[in-house]
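Here are some worked exercises to go through with the model open next to you. Try each task before you read the solution.

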Amino acid sequence: MQWILEQRLRAAVREHLRAHYPATPAAALPPEALRIEQPPQPELGEFALPLSFELAKSLRRPPRALAQEMAAAFELPQGFARVEVAGAGYLNFFADRAATAAIAAAPCPPEPRLGPKVIVEHTNINPNKAAHIGHLRNAVLGDTWVRLLRHRGETVEVQNLQDNTGVQVADVVAAFLYLEGAAGDAAAAIARVESAIGDPAKRFDYLCWDLYAAIAQHYEQHPADLAAWRPATLQAIEAGGNPVARLAAVISEAIARCHLKTMQRIGVEYDLLPRESEILHLDLWSRAFALLRERGAIRLEGEGKNAGCWVMERAEARGLEGEEETKVIVRSNGTVTYVGKDIAYQMWKFGLLPLEFGYVRFYEYPSGHVAWTTAAGSEPGAPGFGRAAWVYNVIDVRQSYLQEVVVAGLRALGAEREAQRSVHFSYDMVALSAACAAELGYVASAEAAGGKRVDVSGRKGTGVKADDLLDRLEARTRAEVAARHAELPAVEQQRLAEQIAVGALRYFLLKFARTTAIAFDFKEALSFEGETGPYVQYAAVRAAAIGRKAADAASPPAAAWDAAWAGYLDDAAAWGLLWQAGRLEAQVGQSLEAAEPAQFAKFAFQLAQTFNNFYHHTPVLQETDPGRRGFLLWLVAYVQRQLAAALALMGIAVPEAM
RNA sequence: GGGCGCGUAGCUCAGCUGGACUAGAGCAUCGGCCUUCUAAGCCGACGGUCGCAGGUUCGAAUCCUGCCGUGCCCGCCA
């Protein structure tokens, strides 16, 4: 709704500037560059323009006087009631409330700005153990970003890279080969693994979680085994076409399916799972290498500690001493480093490599949506992937340096445009609060940890597994639902519990800004009061309940605005609620602009807060004036739709009851 | 040593593209509100020299400089 008024206001201001202040820089700016703010209090109007402060500088006149001059001569566009000067020189515009209400339901037309396709890469969990709380933050952040982009009309492809050839997988493979009694016999190990995967009583990813920690410990105590097992396993996996490689494939695929199931619980789906093994085998790297060499992006180091390596120089990273920073891309033994592979992958995402993977189905969601994976050849009906205009990589902040190197690689290739359109969507880590670490037995006590947060570690097997956390959340919500809705059948109770648990988890992970390191705490994450997902869900459920009861009483809410209701908008609470609910589109735009999903979460919470307050002070079904009752029902139905839309953008459902 | 973050109420955090902020939220604590649309709610109280010191500005939590504290990164690991 705001977007229509805002557009009109921008156009009107531009006209005004051109007519009255043509010589100022502000008059030359495009309408979308105009700063429009929201006044701190609703009594101050709907839009605030700090424009006079800008003009004051170029015209050398006091802002307040300028604002008054502008306000006096301003021709208000349609939908506006008046303009006032406030504060040190703000121009405050007041909406025509009835006109605004009439356009409340007008949908914002999607206007893709980023291009034909955007790729968002997220989750990227090593397929060697169960997902943990940190992976959940990545997935929730990435998935919400995808939803916000799609809401604005962008075409988004979601990729989840599988590093199935790395050390982490090799270590678990070695654990099955040597620690689990297979005595190095890969065929025996495969049989063992397959029976473990087929055992419904076991969680295969949990089993590997423990095995990974076990072999890490074993390697620490037996360096000779590390020296023997790891390189041999890695080499076999990279070479392919042997029993050890098959064992690795069976393990990593089974774990990838576990991850997909875990993420499915919180409403996260993927379009493509590109595999490192294909990046290696399908010549992707050698094509990228040839290009990098051709363009002089990398060179063979002849001397020094990196002698015999292909390295990339980063000119922009040159220090004051003129020291150059070099990064090894190809090792002296001819193997590619992680960054090298990542550069190739990033090039492919932009369509900069003249080749294509094969694609096969990997996982089908209940909706029928298919997650594909890469393969040597395509199966019939496989779609195309890649060739994006923009790429967002949701990766934690520790990889900032490496992401910079990847972008530098694109730049060195002359792909300046693609370099600028490569976004490292970074976020800080999830650690465990001292109390949480103590609860899990990772430290003796919170005091012993010095009150400091404790890092999670896959190698040590410490951390909160994603499914364990979800199970705990569900157990809590199930108890709560059972107490409140004993009349409902068990399946329905379970459904509500799941929806509320997901709401709690997703909101919890979303409410922190990306740069904030989260100290995970069960008490906070399991809370359903205050600034939480269930709070927002509750508001939506209460709004829906009013509409349902009205319909039961044979007076369902009207779908469209009735001009006869105009007078009821004088009620400050009703108007304030309507206006805030209508801010959803503007909020999506702001969150995208700031690249900060947390801003959107905050908005959803504040809207719920405003509604809960309204709910408490304004009885709707008891309203005796039929006109006002109709108006209130319409308003509540509108707010309900907006709350549901806001929650959906965060991947949170509105339960039938709470 | 260099680079990038962070430091705001007892706790966890918003705000930080300078302006209506006499600094907000949630939790915790204390006190009210269920015969009225679901109390996972509402209302109120308590609580902060926005790390410190300078600077820029008509105006700084917000920008700049320095310092202090704290975290991450700087591998022929991924």
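**Exercise 1. How do the residues of the surface near RNA strand B divide into nonpolar, polar and charged?**

Step 1: sort by residue type. Ala, Val, Leu, Ile, Met, Phe, Trp, Tyr, Cys and Pro count as nonpolar, Asp, Glu, Lys and Arg as charged, and the others, Gly among them, as polar.

Step 2: read off the split. You get 31 nonpolar, 15 polar and 15 charged residues on the surface near RNA strand B.

Before you go on, some ground rules: this is a predicted model, where local features need pLDDT of at least 70 and side-chain atom pairs count only at pLDDT 80 or more, while totals for chains, interfaces and linings use all residues. Residues are numbered from 1 along each chain as its sequence is written, chains are lettered from A and ligands numbered from 1 in the order in which they are written, and side-chain values use heavy atoms, with hydrogens and water left out.

**Exercise 2. Find the residues that come nearest to RNA strand B, and the polar atoms that lie beside it.**

Step 1: collect the neighbours. A residue is near a strand if one of its heavy atoms lies within 4 Å of it. There are 61 residues around RNA strand B, and Asp163, Arg331, Thr516, Tyr538 and Tyr615 come nearest.

Step 2: look from the RNA side. Of the atoms of RNA strand B that come within 4 Å of the protein, 66% belong to sugar and phosphate.

Step 3: pick out the polar pairs. A polar side-chain atom of Tyr535 sits 2.5 Å from a phosphate oxygen of RNA strand B. The bases have partners too: a polar backbone atom of Thr618 is 2.8 Å from a base nitrogen, and a backbone N or O atom of Leu621 is 3.1 Å from a base oxygen.

Step 4: map the surface onto elements. Helices (H or I, at least four residues) and strands (E, at least two) are DSSP runs, numbered from the N terminus. Those giving two or more residues to the surface near RNA strand B are strand 3 (90-95), helix 15 (400-412), helix 18 (466-484), helix 21 (533-552) and helix 24 (597-617). Helix 24 gives the most, with eight residues.

**Exercise 3. Which residues of the largest nonpolar core touch the most other members?**

Step 1: set the terms. A nonpolar core is a set of buried Ala, Val, Leu, Ile, Met, Phe, Trp, Tyr and Cys residues joined through side-chain atoms within 4.5 Å. Buried means under 20% relative accessible area, exposed over 50%, partly exposed in between (1.4 Å probe, protein chains only).

Step 2: find the hubs. The largest core has 138 residues, and Phe520 and Leu578 touch the most other members. Helix 25 (residues 626-649) gives the most to this core, with 12 residues.

Step 3: check for a further core. Apart from the largest one lies another core, of 41 residues, including Leu291, Tyr345, Phe385 and Leu410.

Step 4: zoom in on Phe520. Contact means heavy atoms within 4.5 Å. Beyond its neighbours within four places in sequence, Phe520 is in contact with residues including Ile133, Val430, Cys436, Leu469 and Phe508.

**Exercise 4. Is Gln159 buried or exposed, and what does its side chain make a polar contact with?**

Step 1: place Gln159. This residue is found in strand 5 (residues 156-159).

Step 2: check accessibility. Gln159 counts as buried because its relative accessibility is 0%.

Step 3: look for a partner. A polar contact is a pair of N or O atoms within 3.5 Å; within protein, one must be able to donate a hydrogen and the other to accept it, and residues adjacent in sequence count only if both atoms are side-chain atoms. The Gln159 side chain makes such a contact with the side chain of Tyr345, at 2.8 Å.

**Exercise 5. Describe the setting of Thr123 and Ala595.**

Step 1: recall the background. Most residues other than glycine have a negative phi.

Step 2: take Thr123. Its phi is near 75 degrees, a positive value. Thr123 lies in the loop between strand 4 and helix 6 (133-151) and is buried, with a relative accessible area of 3%.

Step 3: take Ala595. Here phi is near 50 degrees, again positive. Ala595 sits in the loop between helix 23 (584-594) and helix 24 and is buried at 18% relative accessible area.
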